[in-house]
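Student: I would like to go through the cavities, pockets and backbone exceptions of a model, with the reason for each label.

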Amino acid sequence: MPGPVDTALLRVLRTRGHQPVPERGVLALTRLGEHGALWFALAAAGAVVDQGRRDLLVRAAAAVAAAYGVNQLMKLIVRRRRPELDDLPPLVSTGSRIAFPSAHASTSFAGARALSRAWPCATAPLYATAVAMALSRPYVGVHYPSDVVAGAALGTAVAELAA
């Protein structure tokens with residue numbers, strides 16, 4: 001069960017910056033992260049366009065897939081439920097009620113780490129995107145911040161092992 005600090009941070013993310021325009025942007029971003037879709041798309045497009053780095057980009061896609069798979073296994077083991085704040089319902093639906101760790105964070109940090117090997121000059125924007133993607137999940141109310149931190153650590157570790 002999450003602690004009071006985790007719940008307080010979730011409340012901050014659920015109540016700040018929720019004007020219509022930023023909220024639409026975050027909802028669009030969080031949809032792009034479903035099942036690692038954004039990261040698979042970047043790796044696939046890169047593999048088509050950048051033949052010289054194709055092997056690294058295929059390995060990056062494999063790291064994202066591995067992070068997603070390990071994440072799903074961890075969710076089945078831990079079985080921590082998604083947040084339920086009576087006064088702040090989630091802004092998106094999810095495929096399950098199991099939250100820990102965040103798959104968006106896992107695939108995003110695996111993708112950022114693995115793709116930065118292929119595109120070192122893009123490391124900062126890749127990680128900025130990963131952070132934004134990860135933070136989108138408590139913003140929309142479907143993860144505690146600790147779910148996101150654990151997912152980021154898991155994705156990074158999987159990408160390192162996949163290297």
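The dialogue below takes the enclosed space first, then the surface, then the backbone.

Tutor: This is a predicted model, in which local features need pLDDT of at least 70, side-chain atom pairs count only at pLDDT 80 or more, and totals for chains, interfaces and linings use all residues. Residues are numbered from 1 along each chain as its sequence is written, and side-chain values use heavy atoms, with hydrogens and water left out.

Student: What makes a space a cavity and not a pocket?

Tutor: On a 1 Å grid over the protein atoms alone, a cavity is a set of points where a 1.4 Å probe fits but cannot get out, whereas a pocket is an open set with protein on both sides within 12 Å along at least five of seven lines. A search of the whole structure finds one cavity of 30 Å³ or more. Its space is about 30 Å³, a volume being the space filled by probe spheres set on the points, which are joined across faces, edges and corners.

Student: Why are L10 and G141 called lining residues of the largest cavity?

Tutor: Lining residues have an atom within 4 Å of a point. L10, R14, P83, E84, L85, L88, P90 and G141 line the largest cavity, so each has such an atom. By class, the lining has five nonpolar, one polar and two charged residues. Ala, Val, Leu, Ile, Met, Phe, Trp, Tyr, Cys and Pro count as nonpolar, Asp, Glu, Lys and Arg as charged, and the others, Gly among them, as polar; G141 is therefore polar.

Student: Which helix supplies the largest share of the lining of the largest pocket?

Tutor: That is α4, with four residues; helices are DSSP runs (H or I, at least four residues), numbered from the N terminus. The pocket holds about 260 Å³, and 16 residues line it, with Q72, K75, R82, G95 and S96 nearest its centre.

Student: What makes L73, I77 and V78 a nonpolar patch?

Tutor: Patch residues have over 30% relative accessible area and no salt bridge (a side-chain nitrogen of Lys or Arg within 4 Å of a carboxyl oxygen of Asp or Glu). Nonpolar side chains (Val, Leu, Ile, Met, Phe, Trp, Tyr) are joined within 5 Å. L73, I77 and V78 form such a patch, with about 280 Å² of accessible area together, by the Shrake-Rupley method with a 1.4 Å probe.

Student: Why single out H35 and the bond from F100 to P101?

Tutor: Most residues other than glycine have a negative phi, and most peptide bonds are trans. H35 is not a glycine, yet its phi is positive, about 55°. The bond from F100 to P101 is cis, with omega near -5°.

Terms used: Helix = DSSP H or I, 4+ residues; strand = E, 2+ residues; numbered from the N terminus. Patch = residues over 30% accessible without salt bridge, like charges linked within 9 Å, V, L, I, M, F, W, Y side chains within 5 Å.
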